[in-house]
Amino acid sequence: MAIGDFFKGIGQGVGRGLTKIGGYDPMQQVSPEEAARRRQAGLSALERSLGRSSAILSGDPRRMQLAEQQMQQAKQDKLLQELGQDPRYADMIKLYRAGLDPRMFAPKTTKGPSSYEEYIRTDSTPTEAEYLAFLQEKEKAGASTTTVQLPKEEEEYIKSLAKLGETDITESRKIATTSRELIPRLQTAQILLQNPDFVTGPLTEKFLPLKKLYNDLTGQDQTEVSGQELFQALANYTVPRMRPPGSGATSDFEANLFSTATIGLGKSKESNELLVATMIQQAKREQKLLKEKEKYYLKNKGNTVGFEQYLEENNLVPPLYQQINLQSQDIGEFYDKGLIRNGEAYIDMTDPNFPKLTVFRIADFD
């Protein structure tokens with residue numbers, strides 16, 4: 001019985017952890033079907049996060065692009081699912097998911113402006129000239145100008161787009177804020193990694209406490225140990241920030257999983273260089289995406305539908321990684337022109353059949 005309770009407790013803990021990863025409150029009372037759906041959402045979110053980390057470490061740009069697309073699609077699906085719970089927008093969301101424009105199915109009306117509706121009551125055989133004369137008479141009499149009343153269904157659709165756009169902008173701002181807070185800390189970690197004498201790895205992590213104690217006892221310089229402790233602290237800071245903003249605290253179960261998807265003292269130096277470069281570039285890209293999305297939001301009167309296609313067509317935000325052919329392009333010239341920075345990750349296209357994700361180190365090209 002005790003063993004059964006033990007494993008039951010473990011299962012419940014894992015279930016609560018997955019629910020929190022999915023962005024839901026594990027203490028909220030819901031139906032068994034909804035609880036299972038939330039756990040599945042958390043498991044999917046965890047798989048995407050780990051898949052993205054695995055894609056980065058693999059150096060395969062195709063996998064990285066696919067992982068990024070899956071992350072963006074998941075955010076959009078969750079947003080649409082939340083709006084779809086409102087009966088006013090449910091049918092519109094279904095049409096949107098089917099790839100159809102809901103406006104195509106909105107009831108049409110042939111009703112004209114209110115002034116025209118008023119005019120035809122006084123003339124059974126109206127002409128354009130007579131109608132214009134009628135308007136002039138109304139204007140002289142100080143009557144109000146003509147107004148166009150939107151059909152109720154179209155007005156509701158516009159409101160639903162505005163709500164969708166507002167929610168989208170709010171979520172994008174949360175992501176950009178988290179990314180902006182990470183940038184200076186990630187840049188500090190990158191500076192530490194650029195020191196050729198700085199070492200990371202499984203043994204470094206295991207023996208750090210013993211090395212610190214030994215240096216204390218023998219009075220040796222602690223500069224190297226201090227740098228490694230700082231790097232460890234910076235890595236620990238990033239772990240809870242990998243959880244979606246506003247989805248609650250991070251449990252120990254989640255922290256252990258998220259730590260595999262970010263920098264860490266126990267990872268190899270090459271892995272850390274690639275991870276920190278990618279995280280910095282992604283954080284900066286999130287800032288640019290938010291800026292362009294806000295412009296699109298204002299230009300389209302609160303609507304962000306079609307933003308991804310708009311970005312792709314206008315090439316407003318550069319891709320996460322530059323593609324450079326080292327045989328035909330001088331990467332040193334890229335550096336001199338400020339097109340690539342020391343420590344930045346890029347895709348080496350020297351062999352187009354086997355692209356390689358690597359980190360630019362200016363010392364390698366001196």
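**A walk from T262 through the helices**

Let's start with T262, which has a relative accessibility of just 1% and therefore counts as buried, since anything under 20% gets that label. Keep in mind as you look around that this is a predicted model.

Where does T262 sit? You'll find T262 in the loop that runs between α10 (252-258) and α11 (269-299). So what does T262 touch, once you set aside residues up to four places away in sequence? The list is A235, T238, V239, M242, K267, L275 and M279. One of those partners deserves a second look: the side chains of T262 and T238 are joined by a polar contact of 2.9 Å.

Now step back and take in the whole chain. The protein chain has 366 residues, and 35% of them are buried. It contains 13 helices and three strands. Take the contacts between residues with a separation of 6 or more: 60% of these link residues 24 or more positions apart. As for the outside, the chain exposes about 22,500 Å², with carbon and sulfur atoms supplying 54% of that area.

T238, the polar partner of T262, is also the last residue of helix α9 (residues 223-238), so let's go there next. Two packed helices are described by the angle between their axes and the distance between the axes. Helix α9 packs with helix α8 (residues 202-218) at an angle of about 140°, and their axes are 10 Å apart. That angle makes α8 oblique to α9. To be called roughly antiparallel, the angle would have to be over 145 degrees. The crossing of these two helices is left-handed. Which residues make the contact? From α8 come T204, E205, L208, K211, K212 and N215, while α9 brings E224, V225, Q228, E229 and Q232.

Pause at N215, which belongs to helix α8. Is N215 buried or exposed? Its relative accessibility is 6%, so N215 counts as buried. Beyond its neighbours within four places in sequence, N215 is in contact with Q220, D221, Q222 and V225. V225 is one of the α9 residues in the α8 and α9 contact.

Next, find I169 in helix α7 (residues 152-193). With a relative accessible area of 3%, I169 is buried too. Here's a nice example of the chain coming back to itself: I169 and N303 are 134 residues apart along the chain, yet their C-alpha atoms are separated by 9.7 Å. Leaving out residues up to four places away in sequence, I169 touches L290, K293, E294, Y297 and T304.

K293 leads us on, because it also takes part in the packing of α11 against α12. These two helices pack at an angle of about 110°, with 11 Å between their axes. That makes α11 roughly perpendicular to α12, and their crossing is right-handed. On the α11 side the contact is made by L289, E292, K293 and Y296, and on the α12 side by F307, Y310 and L311.

Our last stop is N315, in the loop between α12 (307-314) and β1 (322-324). What is unusual to spot here? N315 has a positive phi of about 50°, although it is not a glycine. And how does N315 rate for accessibility, buried or exposed? At 60% relative accessibility, N315 counts as exposed, because the cut-off for that label is over 50%.

Methods. Residues numbered from 1 in each chain as written. Predicted model: local features only at pLDDT ≥ 70, side-chain atom pairs only at ≥ 80, totals over all residues. Heavy atoms only, no water. Helix = DSSP H or I, 4+ residues; strand = E, 2+ residues; numbered from the N terminus. Buried < 20%, exposed > 50% of the residue type's maximum accessible area, 1.4 Å probe, protein only. Contact = heavy atoms within 4.5 Å. Areas by Shrake-Rupley, 256 points an atom, 1.4 Å probe, with all protein chains shown as cover. Polar contact = N/O pair within 3.5 Å; in protein donor to acceptor, adjacent residues only side chain to side chain. Axes fitted to C-alpha atoms, helices over the stretch in contact; angles between N-to-C directions. Parallel < 35°, antiparallel > 145°, perpendicular 65-115°, else oblique. Left-handed = near helix turned anticlockwise from the far one by under 90°.
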